[in-house]
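Dear colleague,

Please find below the structure that I am handing over to you. I would be grateful if you could read the notes beneath it alongside the coordinates.

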Amino acid sequence: MADETIEALLLEQRKFPPSEAFKKRAHVVGTHLYDEAHADYEAFWARQAEELVSWSQPWQTVCEWNPPFSKWFIGGQLNVAYNCLDRHVEAGRGGKVAIHWEGEPGDTRTITYAQLLDEVERFSNVLRGLGVTRGDRVNIYLPMIPEAVVAMLACARIGAAHSVVFGGFSSQALADRINDASAKVLVTADGGWRRGEVFALKPQADEALASTPSIEHVVVVRRGGNAVDMSAGRDHWYHELMARADERCAAEPMDSEQLLFLLYTSGTTGKPKGIMHTTGGYLTHVTYTHKYVFDLHPDSDVYWCTADVGWVTGHSYIVYGPLSNGATQVIYEGVPNFPGNDRLWSIVEKYGVTIFYTAPTAIRTFMKWGTQEPAKHDLSSLRVIGSVGEPINPEAWMWYRENIGRGDCPVVDTWWQTETGGIMISPLPGATTTKPGSATFPLPGVGAEVVDESGRTITKGGGYLTLTHPWPGMLRGIWGDPERYKETYWARFPGRYFAGDGAKLDDDGYLWLLGRVDDVMNVSGHRISTTEVESALVSHPSVAEAAVVGANDATTGQAIIAYVTLRGGAQATETDLRNHVAKEIGAIAKPKTIYFTPDLPKTRSGKIMRRLLRDVAEGRNLGDTTTLADASVVAELQSRAAQSTED
Ligand code: WTA
């Protein structure tokens, strides 16, 4: 209904303008970039492409827009690996550290730009030797080791598209993705380190390979040292192929619209979608956003993004954005709590990390572990801290700012998606006054609007987040399924890209992301975001993490059900927390039931599985829970839900 809006109940009054000290060195202070982009967004992106990216042949047309299909920098040619490696070496920066890599057991590797280029050139020749040519697909299934970066850049260098599958995915998930892309080669490892032990990858890959007829060769990196079967003729050790490979492999110019990679997103149901990203526009988008959102100064900054390369954040903000900008970065193989809960902070101290980018779910976990963990280390090198992946609750934002950012690092909450390729909505740290929990404004060059049910633009209150014009990093479609692309993103609001997220605009025009729209509850006719109730719960001093779902209810339509994890040693009753939510938001937002649980069920990428919690709350059979990080959490919750119904 047209008059229905999402109730935006949480009121956040705190504001943090950029400090004078930060502004002194910042790339962007004031509104000039916004003004320029507002006047002509195509010309704005063209300037970024010209200044930040090296082209071997200039483009003729900035953007061709045949809704919903766009092409950028048409006629231009470039090589992404050249932009990420060769141009820095040619400019005399070959000795600069590209990657400080730290294995979970504590072993380290320091890799300069010149060394990374050597490795990528040789691996490009390895791939060619295995029959990979321009336009082929290569699957990558690796732990967080430098060879993942090498393999991706080698594909880019020879014009093959990579499809990286997160190492935590099952063999079935890997097989589905290989088959959908008809990949020719798989790059994997024997195993990797996780929580003090080797997890085997090659045996998983072997299971997948039983049903992937397109794969001709498998390259295996030795990392875990675990025993593996090698199938003669098909499987090859990375180090053996590399020892024999030619050293030089010229970076061939690619068309701006050449497919750079596929990345599969696990939609809530059905077959995963192979999101397509191409060359020139994508590289422009990630280089630009990485430079300005993090205020990167490549000569002095040490950047660290804690994502896995298996997710889009790893693609855009570990591999392509940082390397294109010539940054020095940290890559860490393992979990944040091995050997202790302070591992990440010990890495920040050791390498003098200045820019740190992580996810709200990690931040709430750090809260649960307590402030004594970061306090064990000198974090004074940090100057910008970022967040991505979920709405960040104001309390988690404040905790992050105070305990990791010493109360004076700008926090950049960055909204984007696998589909958008790069960051879309975020503060610029030297220009934007932030509010805890708000992603603030669309970046210069990005058009975003909130619309109501009927697609009318609204300037205040809640609705649906849409993008109003094309941007260079936008997905070019879904691999093999153009109809699904139109249906999923462009059908709901004609002429607009619908992101699937709810958002609200406050009185000052700040954007607040409210989570996926299916996470918006309807209680007694009031639409309440699960995120707002979660934020209220997390603002209670005893609460570390909370997940809220709307469960069907005969009287109120939906009832609010909360799952809460308390901070170590803290106490609170259900009544305490219900009253606290009533105080923070209002009585209508009080959870009907609160379950206390030591952990919440999460996907392997760390997103709380709200759909599954809704199933638990409504007593439904759960079916397949194999994508869960820890399936026992669910069994435990189910038995409690059953008990409470019997009570
Ligand atoms: C959510 C991750 C609120 C959102 C880069 C989006 C966020 C989905 C934020 C995409 C944020 C991501 N605030 N929500 N800062 N960042 N999201 O494809 O629901 O893994 O639609 O890309 O994550 O997830 P994806």
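The paragraphs that follow describe a sheet, the helices that pack on it, and the nonpolar cores.

Please note that this is a predicted model.

The sheet is open and mixed in its pairing, with seven strands in the order 5-4-17-16-18-19-20. Its edges are held by strand 5 (108-112) and strand 20 (411-414); each has a single partner strand, so one side of each is left without a neighbour in the sheet. From one strand to the next, the twist averages 20 degrees. Within the sheet, strand 16 (residues 302-305) and strand 18 (residues 355-358) run parallel and are joined by three bridges. Here W304 stands opposite F356 of strand 18.

Two helices deserve mention. Helix 5 (residues 113-129) packs on the sheet, where it touches strand 4 (97-102) and strand 5, and its direction makes about 90 degrees with that of strand 5. Helix 12 (residues 343-351) runs at about 145 degrees to strand 4 and lies across strands 4, 5, 16, 17 (328-332) and 18.

As to the cores, the largest nonpolar core comprises 137 residues, of which F123, L153 and Y320 touch the most other members. Helix 6 (residues 146-158) supplies the largest share of this core, namely 10 residues. Leaving aside neighbours within four places in sequence, F123 is in contact with V150, A151, A154, V187, V219, Y238 and M242. Another core, of 48 residues, lies apart from the largest one, and its members include F356, I385, L577 and A589. F356 is thus the residue named above as standing opposite W304.

With kind regards

Note on methods:
Residues numbered from 1 in each chain as written. Predicted model: local features only at pLDDT ≥ 70, side-chain atom pairs only at ≥ 80, totals over all residues. Heavy atoms only, no water. Pairing = 2+ DSSP bridges. Helix = DSSP H or I, 4+ residues; strand = E, 2+ residues; numbered from the N terminus. Axes fitted to C-alpha atoms, helices over the stretch in contact; angles between N-to-C directions. Contact = heavy atoms within 4.5 Å. Core = buried A, V, L, I, M, F, W, Y, C linked by side-chain atoms within 4.5 Å. Buried < 20%, exposed > 50% of the residue type's maximum accessible area, 1.4 Å probe, protein only.
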